[in-house]
Amino acid sequence: MDSKNIFLDFDDTLVDFHDAEAYAFYKLTKYYKVESTFEDLKLFMKVNQSHWEAFQNNLLTKSEVLSKRFEAYFDLQALKVNGEEADHVFRDELANAPIKYFPKTLETLEMMKEHHNLYIVTNGVLETQERRIDKTPFGKWFDGVFVSEQTGYQKPMPEFFDFVFNEIGEEKRENAIIIGDSLTSDILGGKNANIDTCWFNPRQKVNDTQIMPDFTISSLSELTEFI
């Protein structure tokens, strides 16, 4: 295929979000003087994911997600917290977390930049994502960064991609592909936008949805085989 315009998700595609999330979670529980284990982290990740999925399905607003996810988690720990305060602490520590890349990420981006236009497309809070992206060398490779907060829409909404193509040129839609780890956000979003899709699945998750990507890879280096 001849994809010249490559959209890449940020969290758990370009960088290991699980690593950053764990860092921020343990900092947050330390802030509240709560002992936490790996099992607690897994529970928080489940609560957090469910809230963001509710946001994707327009069941919660972004501001509700940011605060209620912590209120819900700490309720399970029999602790009442101010959700807005917890969100501020967590996102600050998330931005402070060391960046961990998946294998071959930087080398692959270096190669792809020679022949393609690269864009980051990510859901999340603009200020937090900008702080995290600024800690990477991505600025020399990417032609643009689009965060859901600045677009007014989130993946998988087609309006998110309409915003992006309005900025970079509608003609680029014809030769575009999105690569991301989330079937419900990245892959469904790509299908809603009528562009090719590639599921990044380094953890070998089982696809138990009806969302079928055009391609599946476990390493970004595999992109060079078909792009």
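A cavity is a set of grid points where a 1.4 Å probe fits but cannot get out, and its lining residues have an atom within 4 Å of a point. The views below all come from a predicted model.

**View A. The largest cavity is lined by residues that include Asp-12, Asp-181 and Trp-199.**
Rolling a probe the size of a water molecule over the atoms shows where empty space is left. Searching the whole structure turns up one cavity of 30 Å³ or more. The space in the largest cavity is about 50 Å³. Besides Asp-12, Asp-181 and Trp-199, its lining is made up of Phe-200, Asn-201, Pro-202, Arg-203 and Lys-205. Sorted by class, the lining has four charged, three nonpolar and one polar residue.

**View B. The largest pocket holds about 980 Å³ of space.**
Its lining counts 37 residues, and those nearest the centre are Asp-12, Phe-17, Gln-49, Asp-181 and Ser-182. You have already met Asp-12 and Asp-181 in the lining of the largest cavity. Six helices each give at least two residues to the pocket lining: α1 (17-31), α2 (38-56), α3 (62-76), α4 (83-96), α6 (126-133) and α9 (183-192). Helix α2 provides the largest share, with eight residues. The pocket lining has 14 charged, 13 polar and ten nonpolar residues.

**View C. Helices α1 and α4 cross in a right-handed way.**
The axes of α1 and α4 lie 8 Å apart, and the helices pack at an angle of about 135°. Because of that angle, α1 is oblique to α4. On the α1 side, the contact is made by Phe-17, Ala-20, Glu-21, Tyr-23, Ala-24, Phe-25, Lys-27, Leu-28 and Tyr-31. On the α4 side, look for Glu-85, Ala-86, Val-89, Phe-90, Glu-93, Leu-94 and Asn-96. By class, the residues of this contact are eleven nonpolar, four charged and one polar. Phe-17, part of this contact, is also among the residues nearest the centre of the largest pocket.

**View D. Helices α4 and α6 meet through residues including Arg-91 and Glu-127.**
What angle do the axes of α4 and α6 make where they cross? It is roughly 20°, and the axes come within 8 Å. The two helices are therefore roughly parallel to each other. Helix α4 passes α6 in a right-handed crossing. From α4, the residues Arg-91, Asp-92, Leu-94, Ala-95 and Asn-96 take part, and they meet Glu-127, Thr-128, Arg-131 and Arg-132 of α6. This contact divides into five charged, two nonpolar and two polar residues. Leu-94 and Asn-96 may look familiar, since these α4 residues also belong to the contact with α1.

**View E. Helices α3 and α4 cross at roughly 100°.**
The axes of α3 and α4 come within 8 Å. Angles of 65 to 115 degrees count as roughly perpendicular, and α3 and α4 are therefore roughly perpendicular to each other. Leu-66, Ser-67, Arg-69, Phe-70 and Glu-71 of α3 are in contact with Gly-83, Glu-84, Ala-86, Asp-87, Phe-90 and Arg-91 of α4. The residues of this contact comprise five charged, four nonpolar and two polar. Within α4, Ala-86 and Phe-90 meet α3 here and also take part in the contact with α1. Arg-91 of α4 likewise meets α3, and it appears in the contact with α6.

**View F. A cis peptide bond joins Lys-155 and Pro-156.**
Omega at this bond is about 15°. Which loop holds Pro-156? The proline is found between α7 (148-151) and α8 (158-168).

**View G. Asn-58 has a positive phi.**
The phi of Asn-58 is near 60°, and the residue is not a glycine. To find Asn-58, follow the chain to the loop between α2 and α3. Both helices that flank this loop also supply residues to the lining of the largest pocket.

Definitions and conventions
Residues are numbered from 1 along each chain as its sequence is written. This is a predicted model: local features need pLDDT of at least 70, side-chain atom pairs count only at pLDDT 80 or more; totals for chains, interfaces and linings use all residues. Side-chain values use heavy atoms; hydrogens and water are left out. On a 1 Å grid over the protein atoms alone, a cavity is a set of points where a 1.4 Å probe fits but cannot get out, and a pocket is an open set with protein on both sides within 12 Å along at least five of seven lines; lining residues have an atom within 4 Å of a point. Grid points are joined across faces, edges and corners, and a volume is the space filled by probe spheres set on the points. Helices (H or I, at least four residues) and strands (E, at least two) are DSSP runs, numbered from the N terminus. Ala, Val, Leu, Ile, Met, Phe, Trp, Tyr, Cys and Pro count as nonpolar, Asp, Glu, Lys and Arg as charged, and the others, Gly among them, as polar. Axes are lines fitted to C-alpha atoms, for helices over the stretch in contact, and angles run from 0 to 180 degrees between N-to-C directions. Angles under 35 degrees count as roughly parallel, over 145 as roughly antiparallel, 65 to 115 as roughly perpendicular and the rest as oblique. A crossing is left-handed if the near helix is turned anticlockwise from the far one by less than a right angle, and right-handed if clockwise. Contact means heavy atoms within 4.5 Å.
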